[in-house]
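Dear colleague,

Please find below the structure that I am handing over to you. My findings follow directly after it.

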Amino acid sequence: MLKLDVVQTVAFAGLALFAGYALCRAIPVLRRYNLPEPVVGGLLVALLAWWAHARGTQLFEFDTTLQSPLMIAFFATVGINASFRLLKASGGPVVMFLLLATFFAVVQNLVGITVAWLFDLHPMFGVLAGSATLTGGPATGLAFAPDFEAAGLRGAEAIAVMAAMAGIVCGGVIGGPAITVLMRRYRITGSHTADPVPTPVADDVEGRVAHTETDAAREFNALKAIVVLLLVVWAGGWVMKGFAAIGLTMPATIGGMLVGALIRNLDDATDWLRLPVHTLDLIGNICLALFLAMALMNLKLWELAGMGLPLLVNLALQVGLVVLFTIPVFKLMGRDYDAAVMGGGFIGFMLGTTANAMAVMRALALRYGRHRAPSWWRRWWARSSSISTMR
């Protein structure tokens, strides 16, 4: 057995990540259906561990101490990207996506409760195996597991872990292929057919070139981005302690997101820090890739395969419904390429985590081109802005 410490585990996750890149390049079907590389690499290691477990041995023992910090760091960069100016520019699609996700979260709970009723289980089973873990992810499921246990659902923590991990696997594996099929069905093409030409760094929300970096500026901005991110994660930890002190149960990622959003919008208003958003995005993507690879390679797939029949039935129904619901999401968001990419994010978000959604959307964007707000929202916003100007 190979026993890895915390640094070795992150390094191994990096190797798994590059194995995912190699497999996606070598196997046409993986590339054709846009499976995210971190998911492919992490599942490869998990499948190897399952193969060894079936033969009575254990290949690896990982120290996942840094898995949670990587996740929190990624969500902190999501918070830093939460600019009110950016939200104003793309508020329509955000509101529509929020309404669709909220509606489908209710559907997930109703499906879960129905499955619980069919198997004569506690109704809370359906909620925990529904939106609490599929939309909420493992952090949310584990955060609320004690409350479900107190309400009478036995084994709530184990149910939360198994349902959330199964959802992460499905969200990562199904999102890309489902949207690829949808794009072919509706004959949707991307914004380009080749890799984009590198451009100077663009940090402002309108997409204009903010500056062209020299080597010294690039080094300074990288240092600034790392220090700011560390401070945001640190302050986010204090925010979470404050929530706990007043009795609020929140996922561990919320504190960093809130602090990141606060700092970003203060910087937008004052231009004091001049946050290197491009560099922070890059660091966030790296944290996301390593987190997903680490989370998936540490899965005990034999436990997921052996989970109870109610969980399997619930998962099958939830996956089928979210894939079908992607069609109205696609149509309501504009029936274009951008709407299709957001549909991929919807699958990843509703089955796994925001990290799954970002990984699926990133895989699609790298294959077909960068996405923007759906065209009909852009037309509506331009029309509204022109009317406001006339007034």
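Val322 has a relative accessibility of 0%, under the 20% limit, and therefore counts as buried in this predicted model. Its place is in helix H14, which spans residues 309-332. Leaving out residues up to four places away in sequence, Val322 touches Phe104, Phe346, Ile347, Met350 and Leu351. With Leu351, the separation is 29 residues in sequence, while the C-alpha atoms of the two are 7.9 Å apart in space.

Helix H14 also holds Gln318. Is this residue buried or exposed? Gln318 counts as buried, because its relative accessibility is 0%. Its contacts, with neighbours within four places in sequence left aside, are Gln108, Val111, Gly112, Ala129, Gly130, Leu134 and Leu351. Leu351 is thus in contact with Gln318 and also with Val322.

I turn next to the packing of two helices. Two packed helices are described by the angle between their axes and by the distance between those axes. Helix H3, residues 37-54, packs against helix H12, residues 277-297, at an angle of about 25 degrees, and the axes are 7 Å apart. H3 is therefore roughly parallel to H12, since angles under 35 degrees are counted in that way. The crossing in which H3 passes H12 is right-handed. On the H3 side, the contact is made by Pro38, Val39, Gly42, Leu43, Val45 and Ala46; on the H12 side, by Ala289, Leu292, Ala293, Leu296 and Met297. Of the residues in this contact, ten are nonpolar, one is polar and none is charged.

Two of these residues, Val45 of H3 and Met297 of H12, appear again in the nonpolar interior. The largest nonpolar core comprises 37 residues, and Phe12, Val45, Phe62, Phe291 and Met297 have the most contacts inside it. At least two residues of this core come from each of helix H1 (6-26), helix H4 (67-80), helix H10 (215-245), H12 and helix H16 (354-368). Which helix gives the most to this core? That helix is H12, with 13 residues.

Phe62 may serve as an example from this core. Apart from residues up to four places away in sequence, Phe62 touches Leu4, Thr9, Phe12, Val45, Met297 and Asn298. Another core, of 35 residues, lies apart from the largest one and includes Cys170, Ile179, Val319 and Phe330.

With kind regards

Note on methods:
Residues numbered from 1 in each chain as written. Predicted model: local features only at pLDDT ≥ 70, side-chain atom pairs only at ≥ 80, totals over all residues. Heavy atoms only, no water. Axes fitted to C-alpha atoms, helices over the stretch in contact; angles between N-to-C directions. Helix = DSSP H or I, 4+ residues; strand = E, 2+ residues; numbered from the N terminus. Parallel < 35°, antiparallel > 145°, perpendicular 65-115°, else oblique. Left-handed = near helix turned anticlockwise from the far one by under 90°. Contact = heavy atoms within 4.5 Å. Nonpolar A, V, L, I, M, F, W, Y, C, P; charged D, E, K, R; others polar. Buried < 20%, exposed > 50% of the residue type's maximum accessible area, 1.4 Å probe, protein only. Core = buried A, V, L, I, M, F, W, Y, C linked by side-chain atoms within 4.5 Å.
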